[in-house]
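Here's a quick briefing to read with the structure open beside you. Take a look around first, then work through the bullets one topic at a time.

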Amino acid sequence: MSTYNVVIDDDMIRNMMQTNMKESIDLLSLKQVLYFVFLGLLPAYLVYKAPVNYRVSKVEFYSKLKQTFILAVIMGLTVFVFFKHYSSFVREHKPLRYTANPTYWIYSVGFYINATLTAGPIVVKPIGEDAKVLKGPDTLPKVVILVVGEATRADHFSLNGYARETTPQLKNEKIINFSNVHACGTSTAISVPCMFSIYDKSSYNYKKGIQTENVLDVLKHTRDISLLWRDNNSNSKGVALRIPYEDYKSPETNTICNQDECRDEGMLVGLDTYIDKQKEKDVLIVLHQMGNHGPAYYKRYPKNFEKFTPVCETNQLEECTREEISNAYDNAILYTDDFLTKTIGLLKQYESTHQTAMIYVSDHGESLGEKGIYLHGLPYFMAPSAQTHIPALMWFNTGFKNTLDMSKIDNTARYTQDNLFHTLLGLFNVETKVYEPKLDILKSQE
Ligand SMILES: [Zn+2]
C-alpha cells in the first residue's frame, strides 16, 4: 500500500488468490522484507517476550471489561463532539475507509469469502444452447484471433494520439482503431471473465460469472467453430474451462523464452498447423498476453525493443523517475505492437482461403505514478481513467471486409468490454436468443 498506493479490497484479495509465483516474485523487494522484519517480526517478538502477570481470570476479565468500557465512552464522546466534521469528512473522502488498517483488509477477506464460495459444487448455467452459424453456400471458413492484452492504457498508444511512436508497425496495417473503449474492471481477475460474460459491467460479479456459461461456450454450442485458448498470462480466469486450453508460460510449450520468462510471440508458433487441421471449420483462437504486466516492465520485452531510455530497472517504481517508468512501459508496448503485427502477418497467409480477423483488446489500464498511484486494481469508482480507458483495435482481410458494412462502423463512439460478447457472435454470424445486435460494435449502427 505504501509503495504502489493500492488498496486491499475484496478484488485485491481475489488477485492475490489467483496470482502465481512468477507474478508475486515481481513484487517482492528488500524494502518489503525490512518492513516485515522491523515492523512485524521484531515488535511481535518483543510483545511475546514481555513479562505479563495475569491475575485470576475473573478479576482479569472484569478489569479488562471496565477498561474497554471507559475507552469506548471516551471514543464515543470524541466522535460526538466533532460529529459534524466526521460525518462530512467521511462522506467526502469515501476512499479513506479503503485505507484503514487493518480493519479494511480483514473486512475484505470476509467479503471475498462471501462473494466467492458457494454452498456445494459450482453448477454452470448453460446459455445460448440454440446457437447456430448461419452460412451461405460459398462463404470461406473464418479464422478469428482474439488477443486479450495485459495492462496497456489507451493514452500510451500512438494510434490514440500519444506523442511517442509506440505503435510504428500497426500504423502501417489497415486496422480499425477504437479510441474510446472502457474496461469492465481494473484487474485481470475481473475484466477477463467479465468481457466474455453475458452480464454487463453493472450486473457482473464473480459468482454470476463462474456460474454462467460465457460467449466461448455459446460459440461451442454451434458445433461449427473450433475454439482454442493459449495463455502466456496467469490463466484464463475460468473463461476457458470448457474449451481446449494450452499453457504457454513455460519452455515446455513456448519455444521463445529466456531464463526469466516466455514471450507472447511464442503463442504464434504452430498456429498455422492448428488452423490447417481445422480444414473447412470456422476457428476462434484466443491469445492471452503477458503484455505490460507490471511492475517489472523492463522484463516484458527483448532487448532490441529498448528504444526509449533510460528505463526503470527495479520493481520499486517510486525509486525511478516518471520518465524512466514510462520508458520501460512504452518499450513493452512496442513489443506488443510487434506481436500484433506478427499475428496479422500469420493471418495474411490465409488471404485466398479464409476470411480472417484479428481483434485486440486490453483487460485494463495501468497507473504509472500519477498522484503517486502505480499499477492497477483500484476500486472502479476511484480508479483514474489510466486504469480503465483501454486500447482496442481490429483488423480484417479483404474477404472478411467484403462481408461487413465498413461505413457503418463508428470507431470513435464509446464502447465497453460488454460489447465483446455480442461482437464475437456477430462476427461468426451466430443466430441465438442471447445475441443482441445493438451491442455488436460491427452492427450497432443498423
Ligand atoms: Zn491484467
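Let's start with one pair of neighbours: leucine 227 has leucine 284 of strand 6 as its bridge partner. That pair belongs to a bigger match-up, since strand 4 (residues 225-231) and strand 6 (residues 282-288) run parallel and are joined by seven bridges. Keep in mind that this is a predicted model.

**Strand 4 and its partners**

- How many of the residues of strand 4 are buried? The count is seven of the seven, so strand 4 is largely enclosed by the rest of the structure.
- Here "buried" means under 20% relative accessible area.
- Pointing one way from strand 4 you'll find Ile225, Leu227, Trp229 and Asp231, while Ser226, Leu228 and Arg230 point the other way. Residues on both sides are buried.
- Strand 4 also pairs with strand 5 (residues 245-247), in the parallel sense and over three bridges.
- To spot that pairing, look for aspartate 231, which stands opposite aspartate 247 in strand 5.

**Strand 10 and its partners**

- Now jump to strand 10, which covers residues 389-396. Seven of its eight residues are buried, so strand 10 is largely enclosed by the rest of the structure too.
- Which way does strand 3 (residues 175-182) run against strand 10, parallel or antiparallel? The two pair in the antiparallel sense, over six bridges.
- Valine 181 is a handy marker here, as it stands opposite isoleucine 390 in strand 10.
- Strand 7 (residues 355-362) is joined to strand 10 by five bridges, and these two run antiparallel.
- For that pairing, find methionine 358: its bridge partner is tryptophan 395 in strand 10.

**The largest pocket**

- Rolling a probe the size of a water molecule over the atoms shows where empty space is left.
- The largest pocket holds about 1200 Å³ of space.
- Its lining is made up of 33 residues, and the ones nearest the centre are Val6, Ile8, Met16, Leu27 and Gln32.
- Which elements give two or more residues to that lining? They are helix 1 (10-18), helix 2 (21-25), helix 3 (30-49) and helix 7 (188-196).
- Sort the lining of the largest pocket by class and you get 13 nonpolar, 16 polar and four charged residues.

**The second largest pocket**

- The volume of the second largest pocket is about 530 Å³.
- It is lined by 27 residues, with Asp9, Asp10, Asp11, Ile190 and Tyr204 closest to its centre.
- Helix 1 turns up again here: along with helix 6 (103-116) and helix 8 (206-210), it supplies at least two residues of the lining.
- By class, this lining splits into 13 nonpolar, seven polar and seven charged residues.

**The whole chain**

- Zoom out and you can count 14 helices and twelve strands in the protein chain.
- The C-alpha trace spans about 90 × 50 × 45 Å along its principal axes.
- The chain has 446 residues, and 49% of them count as buried.
- About 22300 Å² of the protein chain is exposed, with carbon and sulfur atoms supplying 60% of that area.
- Take the contacts between residues at least 6 apart in sequence: 75% of them join residues at least 24 apart.

Key: Residues numbered from 1 in each chain as written. Predicted model: local features only at pLDDT ≥ 70, side-chain atom pairs only at ≥ 80, totals over all residues. Heavy atoms only, no water. 1 Å grid on protein atoms, 1.4 Å probe; cavity = no way out; pocket = protein on both sides within 12 Å on 5 of 7 lines; lining within 4 Å. Points joined across faces, edges and corners; volume = space filled by probe spheres on them. Helix = DSSP H or I, 4+ residues; strand = E, 2+ residues; numbered from the N terminus. Nonpolar A, V, L, I, M, F, W, Y, C, P; charged D, E, K, R; others polar. Buried < 20%, exposed > 50% of the residue type's maximum accessible area, 1.4 Å probe, protein only. Contact = heavy atoms within 4.5 Å. Areas by Shrake-Rupley, 256 points an atom, 1.4 Å probe, with all protein chains shown as cover. Pairing = 2+ DSSP bridges.
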